[in-house]
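Thanks for asking me to look through this one with you. Here are my notes, in the order I would read them.

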Amino acid sequence: MAHVVLRNLVKTYGPHTAVNNVSLTVNDGEFVALVGPSGCGKTTTLNLVAGLIPITSGDISIGDRVVNDVDPKNRDIAMVFQNYALYPQKTVYKNLAFPLQMRRLPRDEIDRKVKEAARVLDMTHLLERKPRELSGGQQQRVALGRALVRDPAVFLMDEPLSNLDAKLRVQMRSEIKRFHQDLEATIIYVTHDQLEAVTMADKMAVMNGGFLQQYDSPAQVFNHPVNMFVASFIGSPAMSLIPLEASSANGRTVLTGEEGWSIELSPHNARKVERSTTKKVVLGARHSTIKLSTSPVPGAIPAKAYTVEPTGDITFVQALLSGAVVNISVPPTMPVAPDQPIWLEFDQERMHLFDGATEMALEAD
Ligand SMILES: Nc1ncnc2c1ncn2[C@@H]1O[C@H](COP(=O)(O)OP(=O)(O)OP(=O)(O)O)[C@@H](O)[C@H]1O
């Protein structure tokens, strides 16, 4: 297995910059998810690593070798795509063996590698079947197996689960994670599904508009998003982002909403707000960090429930505050109905504060 280093990677198409100065290191055996909305440059980045498209500027290393000018077939990578493109006329065994035959490996070595891959992916019993006799999940496993037999330095996966139904996706998610752990494989995995990235990856590279926004562990990205884009992209339902006005007097700092209510900030949060380049400060709160009461509470913000969505374990309530939609989760037993008055309290320890002009997270030190 090998590490992969991207240095100041740029890809332009005419006037459009698809990948804009991206630098990151994927360590040996690490599972990195490239994640972001459609068009953010994830697939382009993966294809640059694969060598399927030429880079405009920057460097890519795989292991200790700069591969900018190395042919895809000599980069020691294996790709797994969403349409797994198995050979329909060949059995699973032959689908797995074919790339090795192309490389003219001895027959007994091919046999050993195919059987080993089948064992790892728990599909020994499927080896004599044709692809049409397999479920979608089984076909995807064969596609993984075909990458595995090549014993590459790096696996590159582009939305490999997006053609599967929701249940199978969850199951295959665990299988790929297991595959990664067992093989200690270096994997770069593209997905637009932030939940897939959070559950599988050691690190997430969150992209937007060709720029790398944040590169860190899922926990760090979730708990310490560097800007409003990352805050709203990671987590479901999305973090609520409420535009407020900051003011300080007599040693107290408050944030005031459009409706005239205000929150007095803790000293720690007040120090963050001091760093803002503008009085416009955006309060970010995840649904589980907002306390909802159905009767007045001193200091709580009065609002009105807008929608109420029971999901079984949790009920999501939406309210409008200062022009923003706020998501709150409550126990399903709590009696809340649309248009009912509610009172909201934000957890000062777990709230996020962003500079309203730069949209960057505000930090105290
Ligand atoms: N061959 C091309 N010619 C011109 N523009 C391209 C080409 N390939 C990609 N782009 C543009 O580059 C940007 C990044 O595309 P890319 O496919 O990397 O996005 P993505 O994040 O993988 O999106 P998706 O999740 O929709 O696949 C997009 O704006 C896209 O339109």
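**Notes on the ligand shell and helix 4**

1. Around the ligand you will find Tyr13, His16, Ala18, Gly36, Ser38, Gly39, Cys40, Gly41, Lys42, Thr43, Thr44 and His192. A residue counts as near the ligand if its C-beta atom, placed from the backbone, lies within 6 Å of it.

2. Before going further, please keep in mind that this is a predicted model: local features need pLDDT of at least 70, side-chain atom pairs count only at pLDDT 80 or more, and totals for chains, interfaces and linings use all residues. Residue numbers start from 1 along each chain as its sequence is written.

3. Which element gives the largest share of the shell around the ligand? Helix 1 does, with three residues. Strand 2 (16–26) and helix 1 (42–50) each provide at least two. Helices (H or I, at least four residues) and strands (E, at least two) are DSSP runs, numbered from the N terminus.

4. Now look at helix 4 (residues 136–148): at 1.5 Å a residue, its 13 residues should span 18 Å, and its end C-alpha atoms are indeed 18 Å apart. The expected span is 1.5 Å times one less than the number of residues.

5. Ten of the 13 residues of helix 4 are buried, among them Gln139, Val142 and Leu148. Buried means that 20 or more other C-beta atoms lie within 10 Å of the residue's own, with C-beta atoms placed from the backbone.

6. The UniProt record, an unreviewed entry, lists residues 4–234 as "domain: ABC transporter"; such annotations may be inferred rather than shown by experiment. Over residues 4–234 the chain is 36% helix and 26% strand.

Technical notes. A residue is buried if 20 or more other C-beta atoms lie within 10 Å of its own, exposed if 12 or fewer, and partly exposed in between; C-beta atoms are placed from the backbone.
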